[in-house]
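This briefing goes through one protein model, topic by topic. Keep the sequence and the 3D view open while reading.

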Amino acid sequence: MLNSIYLRYFQNRMKNIEHFMRHPFDIQEQWFHKLLQAGRQTIYGQKYGFENITDLESFGNNVPVVEYHDFYPYIQRVKNGEKNVLWNTPIRLFSKSSGTTSERSKFIPVSNESLHTCHFKAGRDTYSLYCNAYPDSQIFRGYALGMGGHLSKDLSNNMYVGDLSALLMKELPYFAQRKRKPPLNIALMDEWESKIEKLAETTISSDITHILGVPSWTLLLLKRILEKTQQPNIRSVWQNLEVFFHGGVSFEPYHKEYDRVISSDIRYFQTYNASEGYFAIQDRPDAKDMLLLLDHGIFYEFMPMAEVGKEHPKLLSLNEIELNVNYGLVITTNGGLWRYLVGDTIAFTSKEPFRIRITGRTRYFINAVGEEIILDNVENALQEVLSQCDAIVEEYTGGPVYAEHDRKARHEWIFEFDKAPDDIQNFTEMFDLALQKANSDYAAKRYQNMILDLPIIHIAPPGTFYEWMRQRGKLGGQHKVPRLANDRTHLDSILKM
């Protein structure tokens, strides 16, 4: 009975989603003016003349495109308790992100408006899109499992700082808290290894019907549960488990391992939820792309890759984008972010409605000799090779070996396998060929080994990446293993282990 009530509720919400799908440009224009109106009352808005901005052209001329380091002095003022700096209502929540484009943690302000109009609304829309795609769903008969992150309170300013998942769990209304596991005192534990144990102990006997989380850390929990229960797969522990809502990192490297650990008949549903905002949700069964959320307190602009790094980059609006072209995502939000370069790169897969896929990071690439390998190239190549080799990757990272004296440049990779390929030399050659297929610039540089040599691939012992992340204080939450870098910082650090 309760399941059918929830199903009807979320299916009825589809009319709101269909509205912005039918009227994307009108909805985005409305948000542009709403955000601008609110920003005129802020210190940031006064500095950049928001009162004189009437259209997108004047917005682009007046307001700079910024990254976190540009924004940090303003965010620090907000954290110190100063009012009306970036947004015109009080900020009491900060989402602490690991900062995958740098070693420094980022503190993203979460206003009450962005909490409700963006994150919570998009959370409801996730259920709506899933229930619309799977009208036979039974997920509301049991509980949602969310791992959560750490949360701390700044007593001097009465502010909370923590992983986005922790903030959302803390702020969930009572009726939603009743439908999730584990209890908050465990979900928000700080010490990660003890937390995994408590999570396993307290959820094994629960009727878990769906899981929400980052693939890498969720997999650790599921494997620990299998160790404790001695069951062949997670579906033997939670018979009614139906779907894993995942986000944060690409799922493809983990797909085969999840099929093994849970069972191959589990459903997967992709989300694009970051500290800065909830941007997109899968809206069709087994789709590889996601519906861009246009009515959730965010105004979008898109940076062509040729503009990345320029002092005054030219951005495109939604009606100017092209399909299958990489863009840096730039957002203006009701959390007080103004023309903020998120750091992710996306490509549009359709315009009616607007759907996207994540292709990488603006700083996640290898470019030793002009080959411009991006994360999307690597994920596609890996997917092809792993299926042929019947291998399963746990974690990996890659970077350049620069030319020196009579040594040619090449790429170097560290892979930690859950199931290693039988022949690593064969795997190396197949991976190299798949990368050439995915990236013509790389293929040109690899031609007859003239510029780039065959990559070097190391196999790391089990637990290497976990220990590396632990030593860096980056276990759990939204912390991610950096997949690519155009320097050797991560590679050399892991190789020393």
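Strand β13 (residues 327-333) pairs with strand β14 (residues 340-351) in the antiparallel sense, over four bridges. The model is a predicted one. The points below cover its two open sheets, the helices α7 and α8, a cavity, and some backbone details.

**The sheet of eleven strands**

- Strands of a sheet pair through backbone hydrogen bonds, and the pairing is either parallel or antiparallel.
- β13 and β14 belong to an open sheet of eleven strands, and the pairing in this sheet is mixed.
- Read across the sheet, the order is β6-β3-β7-β8-β9-β10-β11-β15-β14-β13-β12.
- Which strands form the edges? They are β6 (180-181) and β12 (298-304), each of which pairs on one side only.
- To see one bridge between β13 and β14, find V330, whose bridge partner in β14 is L341.

**The sheet of four strands**

- Another open sheet has four strands in the order β2-β1-β5-β4, again with mixed pairing.
- The edge strands here are β2 and β4 (151-154), and each pairs on one side only.
- On average, neighbouring strands of this sheet are turned by 25° against each other, with direction ignored.
- β4 and strand β5 (residues 159-162) run antiparallel and are joined by four bridges.
- Within this pair, D154 stands opposite M159 in β5.
- Helix α7 packs on this sheet and touches β1 (91-97) and β2. The direction of α7 makes about 85° with that of β2.
- Helix α8 also packs on the sheet, where it touches β1, β2, β4 and β5. The direction of α8 makes about 145° with that of β1.

**The helix pair α7 and α8**

- Two packed helices are described by the angle between their axes and the distance between the axes.
- For α7 and helix α8 (residues 164-171), the packing angle is about 105° and the axes are 12 Å apart.
- Angles of 65 to 115 degrees count as roughly perpendicular, so α7 is roughly perpendicular to α8.
- Which residues of α7 meet α8? They are L115, H119 and F120, and on the α8 side they meet L164, L168 and E171.
- By class, this contact has four nonpolar residues, one polar residue and one charged residue.

**The cavity**

- How many cavities of 30 Å³ or more are there? The count comes to one.
- The largest cavity holds about 60 Å³ of space.
- The lining of this cavity has 13 residues, and the closest to its centre are S114, H119, E276, T333 and G335.
- Two elements give two or more residues to the lining: β2 (106-111) and α7 (112-133).
- The lining divides into five nonpolar residues, seven polar ones and one charged one.
- H119 appears in two places in this briefing: in the contact of α7 with α8, and among the residues closest to the cavity centre.

**Backbone details**

- The peptide bond between K181 and P182 is cis, with omega at about -5°. P182 is in the loop between β6 and α10 (184-187).
- Another cis peptide bond runs from E352 to P353, with omega near 0°. P353 is in the loop between β14 and β15 (354-361).
- S263 is not a glycine, yet its phi is positive, at about 160°. S263 is placed in the loop between α13 (255-261) and β9 (267-274).

Note on methods:
Residues are numbered from 1 along each chain as its sequence is written. This is a predicted model: local features need pLDDT of at least 70, side-chain atom pairs count only at pLDDT 80 or more; totals for chains, interfaces and linings use all residues. Side-chain values use heavy atoms; hydrogens and water are left out. On a 1 Å grid over the protein atoms alone, a cavity is a set of points where a 1.4 Å probe fits but cannot get out, and a pocket is an open set with protein on both sides within 12 Å along at least five of seven lines; lining residues have an atom within 4 Å of a point. Grid points are joined across faces, edges and corners, and a volume is the space filled by probe spheres set on the points. Ala, Val, Leu, Ile, Met, Phe, Trp, Tyr, Cys and Pro count as nonpolar, Asp, Glu, Lys and Arg as charged, and the others, Gly among them, as polar. Axes are lines fitted to C-alpha atoms, for helices over the stretch in contact, and angles run from 0 to 180 degrees between N-to-C directions. Angles under 35 degrees count as roughly parallel, over 145 as roughly antiparallel, 65 to 115 as roughly perpendicular and the rest as oblique. Contact means heavy atoms within 4.5 Å. Two strands pair if DSSP finds at least two bridges between them.
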